[in-house]
Amino acid sequence: MLSCWVIYNGSLVSDKFQDQAQLMAEAAERQGIQVSIKKNYEIQMSLSEQQSFPDFAVLLDKDILLGYFLKSRGVPVYNDPAIIDLCDNKATQYIRLAERKIPMPKTIVAPKVYPNFTIQGSGYFEGVLAQLGLPMIIKEGHGSFGMKVYLIETESEFYEKVESLSGIDYVFQEFIAESRGRDIRVNIVGEKIVAAMKRQSDTDFRANITNGGQAFPVELTAKQQQLALEAAQAVGAVFAGVDLLYGPNGQTLVCEVNAAAHIRNILNVTGINVADAMIRYIQEDLA
């Protein structure tokens, strides 16, 4: 009998993280796998002590060091920590997507500026404004559920925000007006689309359900399907939640690829439990 650990971050108090782990654990148990749900801090990353490990681990968190640790001990980790690492920083993710020529909003990666220092007055920010215009989006490198994503509508907001982000990875991005308050989430497992939903908010420029958006079933076009699959392949994610934007003239753009995507909302909306497909993929991959 295969054994696995389903890992979530124990420092986060929201029930949604434990719920995500429970969905995965139940899917594994349905397929005859011995499961232990673990909070990330319950696994000691001792580099000197001998420990017992499972046959594989499902990492539902961004504790990338834990993923690397488990992999160093011979434990297959899903997603691979290198993929979670890549996707966890939006800047590195967009560099990869652009390298693979994935259609996305115009994006500029901000230069590194150390805390308590500034490059205002250098002409750099004026160049960004000239290229992207206003409104624009500023996204911090690390953020989930639509957090740390800012709609910038005035120059004073722009300069105030960039000054506050010294020492932080972030990107400037073209604002896609056609997709204001709406997007599509596509869940992919092993290069196959498992489920998709449209998210829409009437009160926020972000469509995330966490920020008050609602979700509905959606039938993807052939182009949307192809783009979502290409985006997941570009970052190497076997499990992915790809967010698509409605672009101008019917174009579809990639907003981002999530390598630790939550699956409760898409289950509620579509009735499809993505966890079952994830466990089946792992079993086939390990066979």
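User: How much area does the protein chain expose, and what share of it do carbon and sulfur atoms supply?

Analyst: The model is a predicted one. In it, the protein chain exposes about 13800 Å². Of that area, the share supplied by carbon and sulfur atoms is 48%.

User: What percentage of the 287 residues is buried?

Analyst: A residue counts as buried when its relative accessible area is under 20%. Among the 287 residues of the protein chain, the buried ones make up 49%.

User: How many helices and strands does the protein chain have, and why is it called as compact as a globular protein of that length?

Analyst: The secondary structure comes to nine helices and 13 strands. For 287 residues the globule rule gives 19 Å, and the chain's radius of gyration is close to that, so the chain is as compact as a globular protein of that length. The radius of gyration is 20 Å.

User: Which residues of helix α5 are buried, and within what arc do they fall?

Analyst: Helix α5 covers residues 124-132, and its buried residues are F125, V128, L129 and L132. Seen down the helix axis, the buried residues line one face of α5, because they fall within an arc of 95°.

User: Which residues are exposed on the other side of α5?

Analyst: Exposed means over 50% relative accessible area. On the side of α5 away from its buried residues, the exposed residues are A130 and Q131.

User: Which elements do the buried residues of α5 pack against?

Analyst: The partners include two helix or strand elements at 107-109 and 155-164, namely β5 and α6. Two strands, at 136-140 and 170-174, complete the list. In full, the buried residues of α5 pack against β5, β6, α6 and β8.

Methods
Residues numbered from 1 in each chain as written. Predicted model: local features only at pLDDT ≥ 70, side-chain atom pairs only at ≥ 80, totals over all residues. Heavy atoms only, no water. Buried < 20%, exposed > 50% of the residue type's maximum accessible area, 1.4 Å probe, protein only. Helix = DSSP H or I, 4+ residues; strand = E, 2+ residues; numbered from the N terminus. Arc of directions from axis to C-beta. Contact = heavy atoms within 4.5 Å. Rg over C-alpha atoms; globule rule 2.2 N^0.38 Å. Areas by Shrake-Rupley, 256 points an atom, 1.4 Å probe, with all protein chains shown as cover.
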